[in-house]
Amino acid sequence: MLNESQYHQSISGYLSNYLCQKPAEELIEQPNTLMVLPYGDPCMPPCSPGVINTGLSALGEEQRICEVWSVDDNITRGVTGRCHWNKTSSIISVAIWLSADECANIEPSTETAYLELLEFLRSEGYPAPFRFWNYIPNINKGNGDEEQYKLFCTGRLAAFEHAGMSAGEYPSASALGHHTKGAVFYALAAKQPGIHYRNSLQINAFQYPREYGPSSPSFSRATELTINGQNLFLISGTASIIGHQTIAEGDLAGQINITIRNINHLLESKCQQNSNINVISAKVYLRFAKDLQTTQTLLKKAFPETEMIFILADICRDNLLVEVECFCG
């Protein structure tokens, strides 16, 4: 793992994403820290805006580690209603938590929380979310249309539609399950919209057939935008899916290889406009801790210069073993 000084020597820009072993309380006090995710803490609102507790845990030797998002700008922080926010002249991050009781009714709770979050973004002058993360408990719990993930998708779609967002405006996103109580939704947003990408090897998530639930997942495969001269390419949580079907069910190496193929295909699409794109950092979600070593070996071979963190999490489909998201620039 790169240390903080090595990381900033290797990549510069308005927005950065890196790993650090310092405590979250120390990191959030640094002048350029936009938000910090300390892995291993319960999914609940923090004492300070900017710290985002997810309920997720890191795997391997770096179990007590923080993911840091920093900006080359001045930051102001606050809490408005349930929204914990951190903003600069160009972007804003905002997080909102659900209690365990609210998670028991995840569909209406998701719709209400998303509407509050989206309205807050618009009121602050950052109406264009370009990246969402969604961490909910027991994401695969429930049969058929009553699965938690499918109920979440219905609530999210209802909020997007109520807010007047079309499918072409859905930003990149990830949705994972953790093993504690409560949920958190957090986003990055800008004043101007980005460009949202599809993957021609896959059906758009928002066009999945009915077998995946009453409401298709509302996200794009990747989002591109330029902020203060920095070109960013944010790849959604990506897994072993071709068309709309899971590939290599029960085969970890097979799923990793298909995931790598999907990521590279998105990068190739982006490289048609910009040949200098690099995967700077990646967050890797694993259903089973026992799969860590194999996953590390295969992904490090595919992306040797990329800083990676490996997270224990349930994937949105119960037949998926691994999911990878990327921060590129």
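**Cavity, pocket and surrounding strands in a predicted model**

The residues lining the largest cavity divide into ten nonpolar, two polar and five charged. The model that holds this cavity is predicted. One cavity of 30 Å³ or more is present in the structure. The largest cavity encloses about 140 Å³ of space. Its lining comprises 17 residues. Nearest the cavity centre lie N17, E67, S281, K283 and E325. Several strands contribute to this wall. Strand 1, strand 4, strand 8, strand 16 (279–286), strand 17 (307–312) and strand 18 each supply at least two lining residues.

Strand 1 spans residues 15–20, and six of its six residues are buried. Cover is found on both faces of strand 1. On one side L15, N17 and L19 are buried. On the other side S16, Y18 and C20 are buried. Strand 1 runs antiparallel to strand 4 (residues 66–71), and six bridges join the two. Within this pairing, N17 has W69 of strand 4 as its bridge partner. N17 is also among the residues nearest the centre of the largest cavity.

Strand 18 (residues 322–328) leads from the cavity to a further set of pairings. Strand 18 supplies at least two residues of the cavity lining. It pairs with strand 13 in the antiparallel sense, over four bridges. In this pair, L234 is matched with F327 of strand 18. Strand 13 covers residues 230–238 and is mostly covered, with eight of nine residues buried. Strand 13 also pairs with strand 12 (residues 222–227), again in the antiparallel sense, over six bridges. Here E224 stands opposite F233 of strand 13. Strand 12 and strand 13 form a hairpin with two residues between the strands. In that hairpin, N228 takes a positive phi near 50°.

Strand 13 also takes part in the second largest pocket. At least two residues of the lining of this pocket come from each of helix 5 (148–162), strand 9 (172–178) and strand 13. The second largest pocket contains about 460 Å³ of space. It is lined by 33 residues. Those nearest its centre are Y149, Y212, C316, R317 and L320. By class, 13 of the lining residues are nonpolar, twelve are polar and eight are charged. Helix 5 gives the largest share of the lining, four residues.

Helix 5 has 15 residues. From first C-alpha to last it reaches 21 Å, close to the 21 Å expected at 1.5 Å a residue. The helix is mostly covered, with twelve of its 15 residues buried. Y149, one of the residues nearest the centre of the second largest pocket, belongs to the buried set of helix 5. The other buried residues of helix 5 are Q148, K150, L151, F152, C153, T154, G155, R156, L157, A159 and F160. Their cover comes from several elements, including helix 3 (100–103), helix 4 (106–124), strand 8 (128–137), strand 9 and strand 10 (183–190). Strand 9 thus appears both in this cover and in the lining of the second largest pocket. Strand 8, also part of the cover, supplies at least two residues to the lining of the largest cavity.

The chain beyond helix 5 was examined next. Just after the helix, G164 takes a positive phi of about 85°. G168 is placed in the loop between helix 5 and strand 9. G168 counts as exposed because its relative accessibility is 56%, above the 50% cut-off. G168 and H178 are ten residues apart in sequence. In space, their C-alpha atoms are 29 Å apart.

I92 provides a buried case. This residue lies in strand 7 (residues 91–98). Its relative accessible area is 0%, so I92 is buried. With residues up to four places away in sequence left out, I92 touches W85, N86, K87, F120, L121, E124, Y126, A187, L188 and A189. I92 and T76 are 16 residues apart in sequence. The C-alpha atoms of this pair are 9.5 Å apart in space.

Note on methods
Residues numbered from 1 in each chain as written. Predicted model: local features only at pLDDT ≥ 70, side-chain atom pairs only at ≥ 80, totals over all residues. Heavy atoms only, no water. Buried < 20%, exposed > 50% of the residue type's maximum accessible area, 1.4 Å probe, protein only. Pairing = 2+ DSSP bridges. 1 Å grid on protein atoms, 1.4 Å probe; cavity = no way out; pocket = protein on both sides within 12 Å on 5 of 7 lines; lining within 4 Å. Points joined across faces, edges and corners; volume = space filled by probe spheres on them. Nonpolar A, V, L, I, M, F, W, Y, C, P; charged D, E, K, R; others polar. Expected span 1.5 Å × (residues − 1). Contact = heavy atoms within 4.5 Å.
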